[in-house]
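Colleague: I should like to go through this model with you before I return to the bench. May I put a series of short questions?

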Amino acid sequence: MNPNLNYYFYNQLLCFLSFRLIKYPICLFLTFLISAHANAVDVVINGSTIVCPNNEITYTVNTYQIPFGWNVNTCGNYLWGIKKDGVLIDEIGGTTLTYIFEETGNYEVGVVASQCSPYFGGSASISVVSRVVQPNPISGPVMCYSGQSYSFTTSPSLASQYPYGTECFYHFDYLWTAPTGWSINGGGNTLLSPAETVGITAPINTPAGSYNISVEATIPNPAQSSTFYSTPRNFTVQIGSFSTSQVSVSGNSAVCNGNSYTYTANIPGGHKSGYTYNWTYPSGWNVESTSSNTIRLYVPSYNSSYGPVRVSVNNGCGSSGFTGLTVFPCNYMMSAGNFNIFPNPAQGELNVEYNENNNFQSNAESEQLEGEITHETKIFRIDILNHEGTIVKSGASKAGKIHLDISTVKRGSYFLHIYYNKEVIREQILIQ
């Protein structure tokens, strides 16, 4: 008996019930729906979409009848196709596909199922990315002394995360890299090893400061007699204590009485366990809280004390000098067009910032935006002139702002000229 006759009888039964219970048009709709899909198969591929090169991956397929989702247990033929960057590179037949992606890159795995009695068939495809897994973050101490070995670890190890049977069975070497002249495990500044922990030594008399080490995962590429590498995992290593040039403080410079403000100590590599911070701030201000490298200060409503908010950072090798920023009353800021000028009166420093919305941004917000500024960066320059028209100080913008040291400028009244887009904005400022 023709298998499609089963659909004919089933269709007639549904029509009979729908005609008796509802209306005849429902019968016509069901007739169209079943006849349109009676021979269609929905194909679903099962398997990993993110893999590693030179790892064996297995894909299976399930087929379902449309539109009711009945499982179609067998089809007469399955043809798998593998594309790389849109180009067909392999075709394989079979109910399952076991495949090794020999290179990194973007692939497409597809299958065509046919002769799925009593149905015709169907097809499906999935995108697959082949790459080398990036190692986990590096941890390690501050290197207080050059010439001494310190241990650094990438943890957890990739071998523990990707055991045999996973989409990326990982049992290969790491590539560790340190600055030129340094030693890893007593050798040179690079080491190819399965070890997730290594000892790194900086040469004697290496200057204090921040340095970078990295680790990469590797997978051999036998076809090219070469190696695949992951994206490097970088780690900032500090030798000795921080210098004042390595430490900065971000937060509001213009403060209003009766409000709270958060200040952050910024250091190379960020805060690490064991670092301690010694803060100084204007007299009468209250500490609301501290956390890691931040402090939250309350400015009393009756406050008349302003000045520096500074920090000294101890990384276990010693303390840095104090450095920070100077705060001033919020009413000491003036606006000129799209520019904010503060403080005014000024003492020791003057800031000019472009602000399209004419709203003051904190130093923390401004510093965060520096990395995001693109073609919209506003470029301008300024001159400070005395009453005789002589330029006593000049500056050019960086990331839409100017921070000018005026500690050598004599006290008095001056003219500030802002040059922007063929325009000159003139304001008067007072230097104390």
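Colleague: Between which domains does the largest cavity lie?

Modeller: This is a predicted model, and its largest cavity is lined by Gly 140, Pro 141, Val 142, Phe 235, Thr 236, Val 237, Gln 238, Pro 268, Lys 272 and Tyr 275. Both domain 2 (138–239) and domain 3 (248–329) contribute residues to that lining, so the cavity lies between domain 2 and domain 3.

Colleague: How much space lies in the largest cavity?

Modeller: The structure holds one cavity of 30 Å³ or more. By class, its lining has six nonpolar, three polar and one charged residues. The space in this largest cavity is about 60 Å³.

Colleague: Turning to the protein as a whole, what percentage of the residues count as buried?

Modeller: The protein has four helices and 34 strands. Its accessible surface comes to about 22,600 Å², and 50% of that belongs to carbon and sulfur atoms. Of the 432 residues, the buried share is 39%.

Colleague: Among the contacts in the protein with a separation of 6 or more, what percentage is due to residues 24 or more positions apart?

Modeller: One example of a contact across the sequence is that of Ile 45 with Val 109, residues which are 64 positions apart along the chain. For the protein, the share of such contacts made by residues 24 or more positions apart is 55%.

Colleague: Is Ile 45 buried or exposed?

Modeller: Ile 45 lies in strand β1, which spans residues 41–46. Beyond its neighbours within four places in sequence, Ile 45 is in contact with residues including Tyr 59, Trp 80, Val 111 and Ile 126. Its relative accessible area is 12%, and the limit for burial is under 20%, so Ile 45 counts as buried.

Colleague: Is Ser 127 buried or exposed?

Modeller: Ser 127 is found in strand β9, residues 121–130. Leaving aside neighbours within four places in sequence, Ser 127 is in contact with Thr 49 and Tyr 107. Its relative accessible area is 57%, and the class begins over 50%, so Ser 127 is exposed.

Colleague: How far apart in space are the C-alpha atoms of Leu 350 and Ile 429?

Modeller: Leu 350 is found in strand β29 and counts as buried, at 1% relative accessibility. Apart from residues up to four places away in sequence, Leu 350 touches Ile 429 as well as others, among them Ile 341, Ile 384, His 403 and Leu 416. Leu 350 and Ile 429 are 79 residues apart in sequence, and their C-alpha separation is 9.7 Å.

Colleague: Which residue is joined to Pro 343 by a cis peptide bond?

Modeller: Most peptide bonds are trans. Pro 343 lies in the loop between β28 (339–342) and β29 (349–354), and Leu 350 touches Pro 343. Omega for the cis bond is about -15°, and the partner of Pro 343 is Phe 342.

Colleague: What is the omega of the peptide bond from Asn 344 to Pro 345?

Modeller: Pro 345 lies in the loop between β28 and β29. The bond from Asn 344 to Pro 345 is cis, and its omega is near 10°.

Colleague: What is the phi of Asn 185?

Modeller: Most residues other than glycine have a negative phi. Asn 185 lies in the loop between β13 (183–184) and β14 (190–193) and is partly exposed, with a relative accessible area of 47%. Although Asn 185 is not a glycine, its phi is positive, at about 55°.

Colleague: Where is Asn 421 found?

Modeller: Asn 421 is not a glycine, yet it has a positive phi of about 50°. Its relative accessible area is 56%, and exposure begins over 50%, so Asn 421 counts as exposed. Its place is the loop between β33 (412–420) and β34 (423–431).

Colleague: Finally, how far apart in space are the C-alpha atoms of Lys 398 and Ile 379?

Modeller: Lys 398 is found in the loop between β31 (391–396) and β32 (401–405). At 66% relative accessibility, Lys 398 counts as exposed. Lys 398 and Ile 379 are 19 residues apart in sequence, and their C-alpha separation is 7.4 Å.

Methods:
Residues are numbered from 1 along each chain as its sequence is written. This is a predicted model: local features need pLDDT of at least 70, side-chain atom pairs count only at pLDDT 80 or more; totals for chains, interfaces and linings use all residues. Side-chain values use heavy atoms; hydrogens and water are left out. Helices (H or I, at least four residues) and strands (E, at least two) are DSSP runs, numbered from the N terminus. Buried means under 20% relative accessible area, exposed over 50%, partly exposed in between (1.4 Å probe, protein chains only). Contact means heavy atoms within 4.5 Å. Accessible areas come from the Shrake-Rupley method with a 1.4 Å probe; for residues, only the protein chains shown count as cover. On a 1 Å grid over the protein atoms alone, a cavity is a set of points where a 1.4 Å probe fits but cannot get out, and a pocket is an open set with protein on both sides within 12 Å along at least five of seven lines; lining residues have an atom within 4 Å of a point. Grid points are joined across faces, edges and corners, and a volume is the space filled by probe spheres set on the points. Ala, Val, Leu, Ile, Met, Phe, Trp, Tyr, Cys and Pro count as nonpolar, Asp, Glu, Lys and Arg as charged, and the others, Gly among them, as polar. Domain bounds come from an automatic or database domain assignment.
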